[in-house]
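Q: I'd like a close look at how the strands pair up in this one, and then at what packs on or around them. Take it slowly and keep it connected.

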Amino acid sequence: MDQTPFEAEPAATATAPTPMMAQYFEIKAVNPGYLLFYRMGDFYELFFEDAEIASAALGIVLTKRGRHQGEDIPMCGVPIHAANDYLNRLIKLGHRVAICEQVEDPAEARKRGSKSVVKRDVVRLVTPGTLTEDDHLDARSANYLAALSMVRHGETDFALAWADISTGETFIADLPAEALADEMARIAPAELLLTEATSAALAERHLLPPAWKELAATLPQEALDSEAALPLLRRVFAASGFDPTSLSRAGRAALGALVAYVEDSQKGRQAPLRPPRAQAEAVLAIDAATRGSLELLQTQRGEARGSLRHAIDLTVSAPGARLLASRLAAPLRDADAINARLDAVGRLVEDTLLRARLRQELKAAPDLARALSRLALERGGPRDLAAIGRAVAAALDLAGQLAAQPDLPPVLARLTGILKEAPGPLASELALALDDDLPLLSRDGGFVRPGYDGGLDEERSLGRETRAVVAALQARLVDETDIRSLKIRHNGVLGYFVEVPAAHGGRLLEPPLRETFIHRQTLANAMRFTTTELAELEGRIARAQQAALEIELAVFARLRGAVLEATPHLQGLADALAELDVTAALAEISATRFYCRPQVDDSLAFAVSGGRHPVVELTVKAEGRSFVANDADLSGSEAAGGGSLWLVTGPNMGGKSTFLRQNALIAIMAQMGCFVPADAAHIGVVDRLFSRVGASDDIAHGRSTFMVEMVETAAILNRATRRSLVVLDEIGRGTATFDGLSIAWASVEALHETTGCRALFATHFHELTSLAKTLSRVANVTMKVREWEGEVVFLHEVGPGAADRSYGIQVARLAGLPEPVIARARQVLDLLEQRSAGTASSGQKASVLDDLPLFAHRPAPAPQGTDPVHEALDAVRPDEMTPREAIEALYQLKKLRDDARRH
Ligand SMILES: Nc1ncnc2c1ncn2[C@@H]1O[C@H](COP(=O)(O)OP(=O)(O)OP(=O)(O)O)[C@@H](O)[C@H]1O
């Protein structure tokens, strides 16, 4: 290996860098924006600014190596064996890395002259969107690379192409500007390719939230050329017969840029990209704010735990988990398609035994798509081949189990058909060829099963026999030298050698033994030699090993070829396995958590009885409490002018948000083809779902809480249709009371009169409840509470009617506001309620406040020792009490405490 450091080269002059530095600069110049991992022997080294960035990011030592233009060159290095880990950390921090390897044997370089530099080249660009290794990826999440093209005059505004090169899945969509943010929120790519001009347009028109900039990789304008894309796309998708002219110009440009970027990053290796699928039209539209507010894939704090996905993901395989996440992100809108999924889930809900068997088998099936992708990109090893073999075998087994069932619903019948076609002979071949215990890399050898290849077995036994000869040689040398401790050993540097303790070494250097023993190395307590015979034997062993490895590599190449040949077939199989896993997992959850099958059709129904929140139910149960199920009926009809709107009032902490969210989640679950947490549910397919529950600031965008709320409310009022479901929490609370109330009032009217959507509207403005008298489809419901001894008890039960108060002070007390503040707040509230009953103008309310006695602004603290409860407690002598007296004392104490509260 070439380990020449810069300083060992001819010294650089002020004008001419050393040959190696010249090579470094050349490679660096064609890979701008990448940290260059420059291979030097057993290290990747980084220089100049790259070294400074990487050492700071990775916490590794920054040193210097050589000089350039009179200055020290900053340098840091990562050892090859740990490079993956460092690479992973850099990528997670948003860096891009170019891996530059030595691409010739240093011996070749030396032939060109002693000063020539080993040829190096970038063999791979590693970026967040082009990862393929398991240890770089989350097994249960997709990792998308996206490319966005913008159209100035045309049929659409943008086209987005996206692909997960770790599985080959590829998609394309033409998008109007207003749909861009929603799509990006749904897809959540790891990296976004676009031009400077597109980037500027997005920023100027506020089309994406600012966070997207962290994902952006800028491409030159010519990279997004619809004409240049055609030959590339034709070549890449040739086998599938996909016709790139079927795409819009923008679509071609985006997909072309994506494919070219993938090819460039993989330096000529072919990622197994599948022909792009146009995203089905019929998907429930959920905007970014709604996704965030409903915590579908992660909570608002960015955690997986607490999200809907976390609560309902019972899949047993990583591909299943990825599919579940994508279904959750894109529920359907077509009632027939939804019902087909529900039929399949229903069948597996009923058949517990079949479900258990399928899940057991699926659990053992490896991640076929990712193994296939690694093999295609020449990054796969024997374990990937074995994984494919096992997945195919599992598919056949699953097909067998399903085929034995009568009257399978269409989805399961379709999956059975695909699984049945799994290439059995390929799986058998792989099982025959591959040993049980496999190395990660093919070049390590030792993975072909004995008995599979006669030639290989021969070489291996030759190697083994020669080792026996080595053992015999050691015995003979011990006899000849009479050194009992003489050993024949092996290491990576010397190969085979004879080792004797230092004390005996001298004898081997003297005649007659020195005729036989050739000195190699002297250590502190041992001496090492070789002999002609040993060198010959070593040669034989090495040749046998080399021959064996060559045969193994040929076997690997042949098997890999056979697997890659079957790529489209295997990808289809991977899809089917994932779909079966999702179906069985949804059935499992339905059966174990008592979910019900929703009735889904094209009506405007939304009737849920005994509905529960799928996530809060779990937390409440974990705390040993029970979740209170609630009904919701927002059903309406075209004839009646649309769906109903429920105004939900009730105290803080009473369960309003939970109730609102649970109904939105039930709609999502139903439309993704899952049973729902309810006793019964009838859902007319929702086209768009809007949910604003819990306010958030958008400081980065320069918007206050109130501004965000208004922007989002505007989006709803402008975009909701009669088929939409709108779930709104406390619109208008972030501004002056009357402004807020007026906005809320007008919004309810607009939703009712113009939009006619099904809606839940939670509010603390009790004045709104009078709308139910005038608007026919508005109904009032309230979260019930019970007051008990001055405390408020939340029943979490939704009932008809309107709350007459908010219990804000009681909740503040529960939250631990200091007692004097609570007491003072009570006084203010009492006065406000007494004096302003029936008043409506703020002027009058102000005068009420003016009248508040000033002395009371800070109630004097109770004098120490006069608290009757404390006094009574002090008087208690537990040791002197009978049990009956103790109980009496306890009652007495509680009474004193209650009396004190009343005054
Ligand atoms: N149906 C229910 N059954 C049992 N517990 C519930 C139920 N609904 C809510 N809770 C509990 O009450 C807590 C508060 O609920 P939630 O956040 O929905 O109240 P809220 O009325 O929206 O309050 P705020 O107005 O302060 O936002 C939940 O975290 C949960 O523990």
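A: Two strands count as paired here if DSSP finds at least two bridges between them. Keep in mind that this is a predicted model.

Let's start with a simple case. Strand S14, residues 487-491, and strand S15, residues 495-501, pair in the antiparallel sense, with five bridges between them. The two strands make a hairpin, and three residues sit between them. If you want a spot to put your cursor on, Lys487 stands opposite Glu499 in S15.

Now for the sheet closest to the heart of your request. It's an open one with four strands, in the order S18-S22-S19-S20, and its pairing is mixed. Strand S18 (599-601) and strand S20 (630-633) are at the edges with a single partner strand each, so each of them has one side without a neighbour in the sheet. Going from one strand to the next, the twist averages 10°. Inside this sheet, strand S19 (residues 606-611) and strand S22 (residues 680-684) run antiparallel to each other and share four bridges. One pair to look for is Val608 with its bridge partner in S22, Ala681. Helix H23 packs on this sheet and touches S18, S19, S20 and S22. Its direction makes about 115° with that of S19.

That same helix takes us to the ligand. H23 covers residues 656-672, and helix H22 covers 616-622; these are the elements that give two or more residues to the shell around the ligand. H23 gives the most, with three residues. The full cast around the ligand is Val616, Val620, Phe627, Val628, Asn652, Met653, Gly654, Gly655, Lys656, Ser657, Thr658 and His796. Sort that shell by class and you get five nonpolar residues, six polar and one charged.

So much for the ligand; there's another sheet to compare notes on. This one has six strands, is open too, and runs in the order S3-S4-S2-S1-S5-S6 with mixed pairing. Its edge strands are strand S3 (63-68) and strand S6 (120-126), each pairing on one side only. On average, neighbouring strands here are turned by 35° against each other, direction ignored. Within it, strand S1 (residues 35-40) and strand S2 (residues 43-47) pair in the antiparallel sense over three bridges. Arg39 has Tyr44 as its bridge partner in S2. This sheet has a helix across it as well: helix H2, residues 48-58, lies across S1, S2 and strand S4 (71-79), and runs at about 50° to S4.

Since we've got helices in view, here's how some of them pack on each other. Two packed helices are described by the angle between their axes and the distance between the axes. Take helix H15 (residues 382-403) and helix H20 (residues 532-565): their axes come within 11 Å and cross at roughly 45°. That angle makes H15 oblique to H20. The crossing of H15 and H20 is left-handed. On the H15 side the contact is made by Pro382, Leu385 and Ile388, and on the H20 side by Phe556, Leu559, Arg560 and Val563. By class, that contact of H15 with H20 holds six nonpolar residues, no polar ones and one charged.

H15 has another helix to deal with. The axes of helix H14 (residues 368-376) and H15 come within 9 Å, crossing at roughly 145°. H14 passes H15 in a left-handed crossing. From H14 you'll find Leu368, Ala371, Leu372, Arg374 and Leu375, which meet Asp384, Ala387, Ile388 and Ala391 in H15. The contact of H14 with H15 has seven nonpolar residues, no polar ones and two charged. Ile388 is worth clicking on, as it takes part in the contact with H20 and also in the one with H14.

Last, a couple of backbone details in the loops. Pro511 and Pro512 are joined by a cis peptide bond, with omega at about 5°. Pro512 is found in the loop between helix H19 (502-509) and strand S16 (518-522). Then there's Glu295, with a phi near 55°, which is a positive value in a residue other than glycine. Glu295 has its place in the loop between helix H9 (288-294) and helix H10 (308-312).

Note on methods. Residues are numbered from 1 along each chain as its sequence is written. This is a predicted model: local features need pLDDT of at least 70, side-chain atom pairs count only at pLDDT 80 or more; totals for chains, interfaces and linings use all residues. Axes are lines fitted to C-alpha atoms, for helices over the stretch in contact, and angles run from 0 to 180 degrees between N-to-C directions. Two residues are in contact if their C-beta atoms, placed from the backbone, lie within 7 Å. A residue is near a molecule or strand if its C-beta atom, placed from the backbone, lies within 6 Å of it. Ala, Val, Leu, Ile, Met, Phe, Trp, Tyr, Cys and Pro count as nonpolar, Asp, Glu, Lys and Arg as charged, and the others, Gly among them, as polar. Angles under 35 degrees count as roughly parallel, over 145 as roughly antiparallel, 65 to 115 as roughly perpendicular and the rest as oblique. A crossing is left-handed if the near helix is turned anticlockwise from the far one by less than a right angle, and right-handed if clockwise.
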